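Hi there,

Here is the structure I promised to pass on to you. Have a look at it first, and then read on for my notes.

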Amino acid sequence: MSVKRVSLKEAGAKLTGAWLAGGLADELLLYMAPMMLMEGPGVAAMPAPATLGLALRFDVTDMVRVGRDIRLTCRRPEAATERWLEPA
């Protein structure tokens, strides 16, 4: 028997950046609202990649309209389900 680890986090830019930098996030749920807030923290506080080839890549697996907002479900392409499985 296998167990799948699931962890849902709602976090600010620093914690999100730490999870992404540590390779601990395989899936993101991003909500986008049609408004401009200008200055403020981004989605994830982490250093910019030196090149686009080093950027963290995600595939959009779902896009749903939620009221006036849009919810994107994004998954890392290399995220293997087996990585989160443990023997019983």
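Before the loops come up, a word on naming: helices (H or I, at least four residues) and strands (E, at least two) are taken as DSSP runs and numbered from the N terminus. With that in place, M38 can be put in the loop between β2 (27–32) and β3 (59–66). Please keep in mind throughout that this is a predicted model.

**Overall layout**

The protein has 1 helix and 5 strands. Read from the N terminus, the order of the elements is β-α-β-β-β-β. Of its 88 residues, 14% count as buried. The exposed surface comes to about 7300 Å², and carbon and sulfur atoms supply 61% of that area. As for contacts between residues at least 6 apart in sequence, 66% of them join residues at least 24 apart.

**The helix and the core**

Which residues of α1 are buried? They are A13, T16, G17 and L20. Seen down the axis of α1, these buried residues fall within an arc of 100°, so they line one face of the helix. The element they pack against is β2.

A21 also belongs to α1, which covers residues 13–21, but A21 counts as exposed because its relative accessibility is 59%, and exposed means over 50%. The C-alpha atoms of A21 and A45 lie 9.5 Å apart in space, with their positions 24 residues apart in sequence. After α1 comes G23, with a positive phi near 70°.

L20 is a good residue to click on next. Not counting residues up to four places away in sequence, L20 touches A25, L28, A44, M46, L56 and F58. L20 is also one of the 5 residues that make up the largest nonpolar core, together with A25, L28, L72 and C74.

F58, one of the residues that L20 touches, has a charged partner: R76 lies over the face of the F58 ring, at 5.8 Å from the ring centre. How many aromatic pairs are there? The count is 0.

**T73 and V64 in their strands**

T73 sits in strand β4, residues 69–75. Is T73 buried or exposed? T73 is buried, because its relative accessible area is 10% and the limit for that class is under 20%. Leaving aside neighbours within four places in sequence, T73 is in contact with E27, L28 and L29, and also with D59, V60, T61 and D62. L28, among these contacts, is a member of the largest nonpolar core as well.

V64 is found in strand β3. At 27% relative accessibility, V64 counts as partly exposed. Beyond its neighbours within four places in sequence, V64 contacts D69, I70 and R71. V64 and Y31 are 33 residues apart in sequence, and their C-alpha atoms are 9.5 Å apart in space.

**The loop between β2 and β3**

Three residues of this loop are in my notes, beginning with P34. P34 is exposed, with a relative accessible area of 56%. Leaving aside neighbours within four places in sequence, P34 is in contact with R68 and D69. P34 and R68 are 34 residues apart along the chain, while 7.3 Å separates their C-alpha atoms.

M35 is placed in the loop between β2 and β3 too, and M35 counts as exposed at 55% relative accessibility. From the C-alpha of M35 to that of D69 the distance is 9.6 Å, across 34 residues of sequence. D69 therefore turns up twice in this part of my notes, as a contact of P34 and as the residue paired with M35 here.That brings me back to M38, whose phi is near 60°, a positive value in a residue other than glycine. Most residues other than glycine have a negative phi, and that is why I would look at this one by eye. At 68% relative accessibility, M38 counts as exposed.

Happy browsing, and do write back with your thoughts.

Best wishes

Technical notes
Residues numbered from 1 in each chain as written. Predicted model: local features only at pLDDT ≥ 70, side-chain atom pairs only at ≥ 80, totals over all residues. Heavy atoms only, no water. Buried < 20%, exposed > 50% of the residue type's maximum accessible area, 1.4 Å probe, protein only. Contact = heavy atoms within 4.5 Å. Areas by Shrake-Rupley, 256 points an atom, 1.4 Å probe, with all protein chains shown as cover. Core = buried A, V, L, I, M, F, W, Y, C linked by side-chain atoms within 4.5 Å. Phe/Tyr/Trp six-rings, centres within 6.5 Å; stacked < 30°, edge-to-face > 60°. Lys NZ or Arg CZ within 6 Å of the ring centre and 35° of its normal. Arc of directions from axis to C-beta.
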